[in-house]
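Grab a pencil and open the viewer. Below are some short exercises, each with a worked solution.

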Amino acid sequence: MRASLSLRPLRWAALAAVAVVLGGGLAAQSTPDINFDANADILSLPSYGEVAGVATNSKGHVFVYARTGHGVATLGDERTFYHNGSRLFQFDQNGKFVKEIGQGVYAVNFAQQVRVDPQDNVWIVDSGSNQVVKFDGDGRFQLVLGRKPENIGVRPGPGVPASGGMPAEGAAPAGRGGGGEGGGRGGGRGAPGAGINGDSFNHPSDVTWDRAGNIYVADGFGGNNRIAKFTRDGNFVKTWGQTGSAQGQFNQIRGIAADSAGNLYVADAGNKRIQVFDGEGTFKSQITSVGTPQAICVSGGSTQYLYSSNSNEPESMEKGEIYKVKLTGEVVGKFGRAGKMPKEFGMVNSLDCRSETTLWVGEVWNWRAQKITLQR
């Protein structure tokens, strides 16, 4: 009996150590805060709206993809065309407005993300048109993945019968289940959420590339929960994932990023984790100690880090910090909180991190992009 009592404190100490190693509650509670500076006044936006995407190129130019107003529905003989709900802006390294890219382009409907690849091409992910579009560094169209739905429902009005609804302000358009070639089927022809082979997207959320230039599209805001892989020329290679909570399954994919070794990091928001895969879709590991991941990025440099924003709850401003994580999954620290003031965040939908210490943060709720400088 005495021996049993004397061992009990050691057992509790061992259990506590295990909890820390596994990234449990004790580790999460002790996550250190990172000191940082923020500047939200660098960019002079020519138009205001929800900043869904922000990205930088090798010259330090900044690209902002914003939801600047309600989309316009044009009634045709057979189809209703929905367009002009978003705009893509370019600024120089000092924040001076340079130009607008893609003005009037067919795919620019409801901004979801903007990314810049290693060759300084600019890519937009548009949830309204179900398309991913590539522009070169001068803003010229280069490639498109996905197809716009054959028709879009509109609100009823004088002379217009009720036929579904337009996307709600501040939210991605609702999936319609089987809306033709561009709408995806949400797995209607196979496993739930597996989608259709090819680029039949259902509200895609993000895009990234590996060193060979292969393209990976996160197709996860509508009925699909999958990753689609394409060659650098846009030819379909494969797809993986479906709706669920097991390894390799997803529930609302909100972001994707790649490291220099070709590993893919997928923000599996509905399952409150980031899953890690190789370029063929083989599951490698998962990170579960960063809340609900909304936006993610992998930094440049010889030592890369993963940054992940903890999504605000839909009806709350209690969350909103951004985590800095080693690629092994170890959480280094966190910074920021939810709010309206500088150094606070309102629904971070986009992160850009070309270096370990300098980030751009795109906020949907606060209609802005903040430049963040972390202090080592």
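Keep in mind that this is a predicted model; the exercises look at a sheet and then at a disulfide.

**Exercise 1.** Work out the strand order of the open sheet and find which strands stand at its edges.

*Solution.* Start with the order: four strands line up as 20-21-22-23, and their pairing is antiparallel. Next, look for strands with a single partner. Those are strand 20 (293-298) and strand 23 (331-335), so each has one side left without a neighbour in the sheet. Finally, check the turn: neighbouring strands here are rotated against each other by 20° on average, direction ignored.

**Exercise 2.** Zoom in on strands 22 and 23 and find the bridge partner of Ile322.

*Solution.* First, place strand 22 at residues 322-326; four bridges tie it to strand 23, and the two run antiparallel. Then follow Ile322 across to strand 23, where its bridge partner is Phe335.

**Exercise 3.** Find the disulfide and describe its link: which cysteines does it join, and are they buried or exposed?

*Solution.* Step one is the search: the whole structure gives one disulfide. It joins Cys297 to Cys353, with the sulfurs 2.2 Å apart, which is inside the 2.5 Å cut-off. Step two is location. Cys297 sits in strand 20, while Cys353 lies in the loop between strand 26 (348-352) and strand 27 (358-363), so to speak a link between distant parts of the chain, 56 residues apart. Step three is handedness: the angle about the S-S bond is 135°, and the link of Cys297 and Cys353 is right-handed. Last, check exposure: Cys297 and Cys353 are both buried, meaning under 20% relative accessible area.

Key: Residues numbered from 1 in each chain as written. Predicted model: local features only at pLDDT ≥ 70, side-chain atom pairs only at ≥ 80, totals over all residues. Heavy atoms only, no water. Pairing = 2+ DSSP bridges. Axes fitted to C-alpha atoms, helices over the stretch in contact; angles between N-to-C directions. Buried < 20%, exposed > 50% of the residue type's maximum accessible area, 1.4 Å probe, protein only.
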